[in-house]
Amino acid sequence: MYIGIDLGGTNIKIGLLNDDLTVQFKMKVPTESETNSDRVMANIIAGVKQLLIKTQTGTDQIKAIGIGVPGQMDIKAGLSIFSPNFSNWDNVPVVKIIEDEFHIPTYMDNDVRVNLYGEWKLGAGKGKQDVLMVTLGTGLGAALITNGQMMYGKSNSAAELGHLNMYRHGRPCACGSSGCLGRYVSARGMIKTVQEHLAAGETSIITEWTHNDETKITAQMVSDAYDQDDQLAKKVMQETGEILGYGLSSAINMFNPERIIIGGGVAAAGNRLLKPTKEVIAGHALKVAQEVCDIVPAQLGPWAGMIGAGVYANQQVTYSN
Ligand SMILES: [Zn+2]
């Protein structure tokens, strides 16, 4: 059996996977990401102990633990260097802390790759050899499988599409650059676009919903307003979808995937967002590449990160021995 852990900003999702990778048990505990790394790691350990007790499983029955962590990391060293979602989080030896506690081989990777491992083995990427995954959440994450292998690059930043440069003088990005794709195509990006249109004097039903408090705008509101035929929401969805289309056209030309999986909370916008995306791709990506590529929604849902972490642990055990 395997344990999968999805370390999110709000919750830690933990699950027990059977050897055939079916989920036997799943649970979540609060992350308390606003505290510090000691507290968050203690919450992970306590959560895993709880899972072992509830499922009456001994540590000797667990072959490996996989954990998906957002942010910058040294995968080989098992070190989470920095994570934007956590307070007081600096060079945390995640793998060592878990291994010292349970004496079970533990493997860490970033949250999007772990997600893709899950979709690849059990979800929307099943049976495919060249798969690009894009997660549209607060920001934009991406991961890539080429010729049946997860791509890492020399410093584990391969396929970081969120920082694909779209504009010469665009919105500043936390990476130090500006005009990055994720600054436009993400929950944060869409909200910023709404705010810009409002600042330019346009009107939207969203301002009624938020009582004119711009900080209360959410990506979900853009979808809801779109469904009420709100012109500004339709414009924002169109713009965001198009920018994603240009970004994906570049990705299609570069990586030649046979499938692009779109996941994350913002993906719930579905064709409101993806229709303009697909139109741009049809007009701009290389024909030879776009003909073999389809775009599909992720299948594993809100537990994808946990499931993927378990799959990742299984892959590490299976292929590293
Ligand atoms: Zn950037």
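The exercises below work through helices, helix pairs and loop residues of a predicted model.

**Exercise 1. Helix α3**

Task: State how many residues α3 has and what distance it reaches from its first C-alpha to its last, then decide whether the helix is enclosed or open.

Solution:
- Step 1. Helix α3 covers residues 111–122, which makes twelve residues.
- Step 2. From first C-alpha to last, α3 reaches 17 Å, close to the 16 Å expected at 1.5 Å a residue.
- Step 3. A residue counts as buried if 20 or more other C-beta atoms lie within 10 Å of its own. The buried residues of α3 include Asp-111, Arg-113, Glu-119 and Trp-120.
- Step 4. Eleven of the twelve residues of α3 are buried, so the helix is largely enclosed by the rest of the structure.

**Exercise 2. Helix α10**

Task: Do the equivalent for α10: give its span and find how many of its residues are buried.

Solution:
- Step 1. Helix α10 runs over residues 304–320 and has 17 residues.
- Step 2. Its span from first C-alpha to last is 23 Å, close to the expected 24 Å.
- Step 3. Among the buried residues of α10 are Ala-304, Met-306, Tyr-312, Asn-314 and Gln-316.
- Step 4. Because twelve of its 17 residues are buried, α10 is largely enclosed by the rest of the structure.

**Exercise 3. How α3 and α10 pack**

Task: Describe the packing of α3 and α10 by angle and distance, and class the residues in their contact.

Solution:
- Step 1. Two packed helices are described by the angle between their axes and the distance between the axes.
- Step 2. For α3 and α10, the angle is about 80° and the axes are 7 Å apart.
- Step 3. Angles of 65 to 115 degrees count as roughly perpendicular. The helices α3 and α10 are therefore roughly perpendicular to each other.
- Step 4. On the α3 side, the contact includes Val-114, Tyr-117 and Lys-121; on the α10 side it includes Ile-307, Val-311 and Gln-315.
- Step 5. By class, this contact of α3 with α10 has nine nonpolar, five polar and three charged residues.

**Exercise 4. How α4 and α7 cross**

Task: Find the crossing angle of α4 and α7, name the kind of arrangement, and give the handedness.

Solution:
- Step 1. The axes of α4 (residues 187–199) and α7 (residues 231–255) come within 10 Å and cross at roughly 130°.
- Step 2. The two helices α4 and α7 are therefore oblique to each other.
- Step 3. Their crossing is right-handed.
- Step 4. Gly-189, Met-190, Thr-193, Val-194 and His-197 in α4 meet Leu-232, Lys-235, Val-236, Glu-239 and Thr-240 in α7.
- Step 5. These residues divide into four nonpolar, four polar and two charged.

**Exercise 5. Two loop residues with positive phi**

Task: Place Gln-56 and Asn-256 in their loops, and decide whether each is buried or exposed.

Solution:
- Step 1. Gln-56 lies between α1 (37–54) and β4 (64–69). Its phi is positive, about 50°, although Gln-56 is not a glycine.
- Step 2. Gln-56 has 7 other C-beta atoms within 10 Å, so it is exposed.
- Step 3. Asn-256 lies between α7 and β11 (259–263). Asn-256 has a positive phi of about 55° and is not a glycine either.
- Step 4. Asn-256 has 17 C-beta neighbours inside 10 Å and therefore counts as partly exposed.

**Exercise 6. Ser-157**

Task: Locate Ser-157 and give its C-alpha separation from Gln-72.

Solution:
- Step 1. Ser-157 sits in the loop between β10 (149–150) and α4.
- Step 2. With 11 other C-beta atoms within 10 Å, Ser-157 is exposed.
- Step 3. Ser-157 and Gln-72 are 85 residues apart along the chain, and their C-alpha atoms are separated by 8.9 Å.

Notes:
Residues are numbered from 1 along each chain as its sequence is written. This is a predicted model: local features need pLDDT of at least 70, side-chain atom pairs count only at pLDDT 80 or more; totals for chains, interfaces and linings use all residues. Axes are lines fitted to C-alpha atoms, for helices over the stretch in contact, and angles run from 0 to 180 degrees between N-to-C directions. Helices (H or I, at least four residues) and strands (E, at least two) are DSSP runs, numbered from the N terminus. Angles under 35 degrees count as roughly parallel, over 145 as roughly antiparallel, 65 to 115 as roughly perpendicular and the rest as oblique. A crossing is left-handed if the near helix is turned anticlockwise from the far one by less than a right angle, and right-handed if clockwise. Two residues are in contact if their C-beta atoms, placed from the backbone, lie within 7 Å. Ala, Val, Leu, Ile, Met, Phe, Trp, Tyr, Cys and Pro count as nonpolar, Asp, Glu, Lys and Arg as charged, and the others, Gly among them, as polar. The expected span of a helix is 1.5 Å times one less than its number of residues.
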